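Work through the exercises below with the model open beside you. Try each task before you read its solution.

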Amino acid sequence: MCMTCGCGTGDVHVEDAGHAHTHTHTDDSTHSPAHDHAQGTHEHVHEAAHEHSHTHADGSVHRHDPAHAHAHEHGHRSAEGQMHTHADGTTHAHAHHDPAHTHGADALHYGAGMAGNSAPGVTQSRLVQIERDILSKNDSIAMRNRAALAQRGIFALNLVSSPGSGKTTLLVRSIERLAGRLPVAVIEGDQQTSVDAERIRATGAAAIQINTGKGCHLDAAMIETALQRLAPTEDSVLMIENVGNLVCPAAFDLGEAHKVVVLSVTEGEDKPLKYPDMFHAASLMLLNKVDLLPHLSFDVERCLEYARRINPSIQILQVSATSGAGMDAWLGWIESGAHAARRQRPDPVAALPHLEQVATLKRRVAELEAQVTRLQSS
Ligand SMILES: Nc1nc2c(ncn2[C@@H]2O[C@H](COP(=O)(O)OP(=O)(O)O)[C@@H](O)[C@H]2O)c(=O)[nH]1
Ligand SMILES: [Mg+2]
């Protein structure tokens, strides 16, 4: 839960009941058996040479005096490593030596508790509760959105990235190239201004802007309202450009078919490791601005390896919105998803009771016959 911006995000640590964990002290000594927790969760705050307390799931607390100051790798792990459960219910394990999850005396890790986050004066269990409340409401609206989109054969993508990675430019170029092949409508998310929606409307595509104010992500309720106003056509593509932010939008299901994470080569190849939730949540990564590679010391292979380390099933396309490199593959990916959504659209007639099906089909036949007569006489 990001308390600063009021959004919900973060990992939930699911610990094995009765797990053991080891603390390594500054003198390199360790202890574990005397420190086993029967089950549940506990909260650690670790600083060098400090007095600190551990709060257990049952509410009991024990304190350590400053002499107990210690560094540790990670206080919470099962035998297989750490299991993270994401907001969408997916889980993944981190090996104990995963560099994204180890730290020593010279690092402070405020995401090691079960909430995956911290806020002054708020317990980990309270943070988890707040996050669950927000996300469960969000998820039920997202399910409604997903059903409404499927009903109309609409293929919806949620584009997520840091600001400036090229989302709007990619959208503009994609819409231009898809003209006459696929109808595209866009929901634009930004804290302020309608600049991006205007850039999209300049292509002729329908677009609606959502301004989130201090909010740093779009949520499912915003999309539900925007969909009512935008009313995208059946069998179309809906592109949602999320607020530029590699953190919070990862936790919020909008009802999309896929999250597409855009990473530009000017941002550095380490971003998948630094912002793992986003790369884990995405089905596709677009590595954008590859036209700039000759001017940078960006290690493409390393970046792709980092992304696959976080999400082994992520698909990756290297593109340049400005030069057009890789755009055919990206547009092909969109088209095959759109065709699948169209094929899976439920037949509205089949959902009707038998007699109504017959009446509806007869009306349709009469309409088609009238159309044929008109065409023959013109
Ligand atoms: N060189 C280069 N610049 C790009 C590319 N895509 C976007 N840009 C530039 O990156 C900047 C930010 O792009 P924008 O689409 O507004 O990013 P957004 O904030 O993610 O929507 C703009 O100056 C774009 O012209 C690209 O593929 N190559
Ligand atoms: Mg933009």
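A polar contact is a pair of N or O atoms within 3.5 Å; within protein, one must be able to donate a hydrogen and the other to accept it, and residues adjacent in sequence count only if both atoms are side-chain atoms. This is a predicted model: local features need pLDDT of at least 70, side-chain atom pairs count only at pLDDT 80 or more, and totals for chains, interfaces and linings use all residues. Residues are numbered from 1 along each chain as its sequence is written, chains are lettered from A and ligands numbered from 1 in the order in which they are written, and side-chain values use heavy atoms, without hydrogens and water.

**Exercise 1. Find polar contacts of ligand 1.**

Step 1. Start at T168. An N or O atom in its side chain is 2.8 Å from an oxygen atom of ligand 1.

Step 2. Go to K167. Here a polar backbone atom lies 2.8 Å from an oxygen atom of the ligand.

Step 3. Add S320. A polar atom of its side chain is 3.3 Å from a ligand oxygen.

Step 4. Check the cover. Ligand 1 alone exposes 580 Å², and the protein buries 72% of that (accessible areas use the Shrake-Rupley method with a 1.4 Å probe; for residues, only the protein chains shown count as cover).

**Exercise 2. Describe the shell around ligand 1.**

Step 1. Count. The ligand is surrounded by 16 residues (near means that a heavy atom of the residue lies within 4 Å). G164, K167, T168, T169 and D291 are the closest.

Step 2. Sort. Three are nonpolar, eight polar and five charged (Ala, Val, Leu, Ile, Met, Phe, Trp, Tyr, Cys and Pro count as nonpolar, Asp, Glu, Lys and Arg as charged, the others, Gly among them, as polar).

Step 3. Locate. Helix α2 (residues 167–178) gives the largest share, three residues (helices are DSSP runs of H or I, at least four residues; strands are runs of E, at least two; both are numbered from the N terminus).

**Exercise 3. Which residues coordinate the magnesium ion (ligand 2)?**

Step 1. List the donors. They are T168 (OG1), D196 (OD) and E241 (OE), at 2.1 Å (donors are N, O and S atoms within 2.8 Å of the metal, or 3.2 Å for Na, K and Ca; water is not among the atoms, so sites may look incomplete).

Step 2. Read the spacing: T-x27-D-x44-E.

Step 3. Place the pair. D196 is in helix α3 (residues 195–201) and E241 in strand β13, 45 residues apart.

Step 4. Judge the burial. D196 is buried at 10% relative accessibility, and E241 is buried at 3% (buried means under 20% relative accessible area, exposed over 50%, partly exposed in between, with a 1.4 Å probe and protein chains only).
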